[in-house]
Amino acid sequence: MKNPMYETVSLLLEKFFLLANFKFLTIGSSAEEEEKKKHASCYDTAYFKPGDLLEVPRTLFIHFGIYLGDNMVAHLMPDILPLFTNDHRQIQKVVTNKRLVLGVIAKTARIRVDTVEDFAYGGCILVNLMDSLFKNNVLCGEEVVCRAKELVGTTDYSLLWNNCEHFVTHCRYGSAVSFQTDKFCEIVKMIIRDQRSVLASVLLGLASIFYLGLAPSTTLPTIIIPFTLWMVG
């Protein structure tokens, strides 16, 4: 039975995406689906060993997982559904973009076990690329698999402190780190240090006042944001 609260939140998010002209609720065209199916049938798991760290490059990020053997992968994904139901059959279904976005907002995720095909979702798979960065800290495959299986289940999610990369580096190297997060933070620091950001925030604030009118919701950000950027820059 579907949870009414989850359905209500999902409906609100769906309407928001429609108004914003986003298409999060559809994975892609039928042609794209066919292409993904072709890729999915090409994964040769004979090249994977239990404990391998798998990477799937996406448009804006890289998704990570741990190969468990028998064509199965453990990976961490934001997911709102575990907050509303304990039905394993519902939770184990492929996570839609709607569930994922709500999971990010609610800061909840699930370390789940999926097939290689569902994990990669049509993307190419890279294996153990981070081993060179950790050199002698690579744990044996059996221990990596054991660590991954012990963590399967619902967990907290944080873009900066607990994402899929933190999960796999903890399992394979014994140290939870995220190079994607570090890179993101460096970019944010560069933006803050660039004094042109202050001018840009002022202009955006003035534009919001011009279009939305003079109100605390527009005036305060116009003052506070440029001031904060100026002080920390």
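**A short tour, starting at helix 7**

Hello everyone. Let's begin with helix 7, residues 141-150, where the buried residues are Val144, Val145 and Ala148. If you look down the axis of helix 7, those buried residues fall within an arc of 95°, so they line one face of the helix. There is a general idea behind this: an α-helix has 3.6 residues a turn, so residues three or four places apart point the same way.

Before going on, please keep in mind that this is a predicted model.

What do the buried residues of helix 7 pack against? Their partners are strand 2 (62-69), strand 3 (72-78) and helix 8 (164-173). Now turn to the face of helix 7 that points away from the buried side: there you find Glu142 and Glu150, both exposed.

Let me step back for the overall picture. The protein chain contains eleven helices and six strands. It has 233 residues, and 36% of them count as buried. Take the contacts between residues at least 6 apart in sequence: 65% of these join residues at least 24 apart. As for the outside, the accessible surface of the chain is about 14,600 Å², and carbon and sulfur atoms account for 64% of that.

Next stop, helix 4, which covers residues 97-106. Which of its residues are buried? They are Lys98, Arg99, Val101, Leu102 and Gly103, so you will see two charged names in that list alongside Val101 and Leu102. Just after helix 4 comes Lys107, which takes a positive phi of about 60°.

Now let's move to helices 10 and 11. Leu199 sits in helix 10, residues 196-212. Is Leu199 buried or exposed? Leu199 counts as exposed because its relative accessible area is 53%, and the cut-off for exposed is over 50%. Together with Leu203 and Leu206, Leu199 forms a nonpolar patch on the surface, and the three share about 310 Å² of accessible area.

Thr222 belongs to helix 11, residues 216-232. With a relative accessibility of 12%, Thr222 counts as buried, since the limit for that is under 20%. Where does its side chain reach? The side chain of Thr222 comes to 3.2 Å from the backbone oxygen of Gly205. Setting aside neighbours within four places in sequence, Thr222 is in contact with Val202, Gly205, Leu206, Ser208 and Ile209. You may recognise Leu206 there, as Leu206 is also part of the nonpolar surface patch.

That's my tour. Thanks for listening!

Methods:
Residues are numbered from 1 along each chain as its sequence is written. This is a predicted model: local features need pLDDT of at least 70, side-chain atom pairs count only at pLDDT 80 or more; totals for chains, interfaces and linings use all residues. Side-chain values use heavy atoms; hydrogens and water are left out. Patches are made of residues with over 30% relative accessible area and no salt bridge: like charges are joined within 9 Å, nonpolar side chains (Val, Leu, Ile, Met, Phe, Trp, Tyr) within 5 Å. Accessible areas come from the Shrake-Rupley method with a 1.4 Å probe; for residues, only the protein chains shown count as cover. A salt bridge is a side-chain nitrogen of Lys or Arg within 4 Å of a carboxyl oxygen of Asp or Glu. Helices (H or I, at least four residues) and strands (E, at least two) are DSSP runs, numbered from the N terminus. Buried means under 20% relative accessible area, exposed over 50%, partly exposed in between (1.4 Å probe, protein chains only). A polar contact is a pair of N or O atoms within 3.5 Å; within protein, one must be able to donate a hydrogen and the other to accept it, and residues adjacent in sequence count only if both atoms are side-chain atoms. Contact means heavy atoms within 4.5 Å. The arc is that of the directions from the helix axis to the C-beta atoms.
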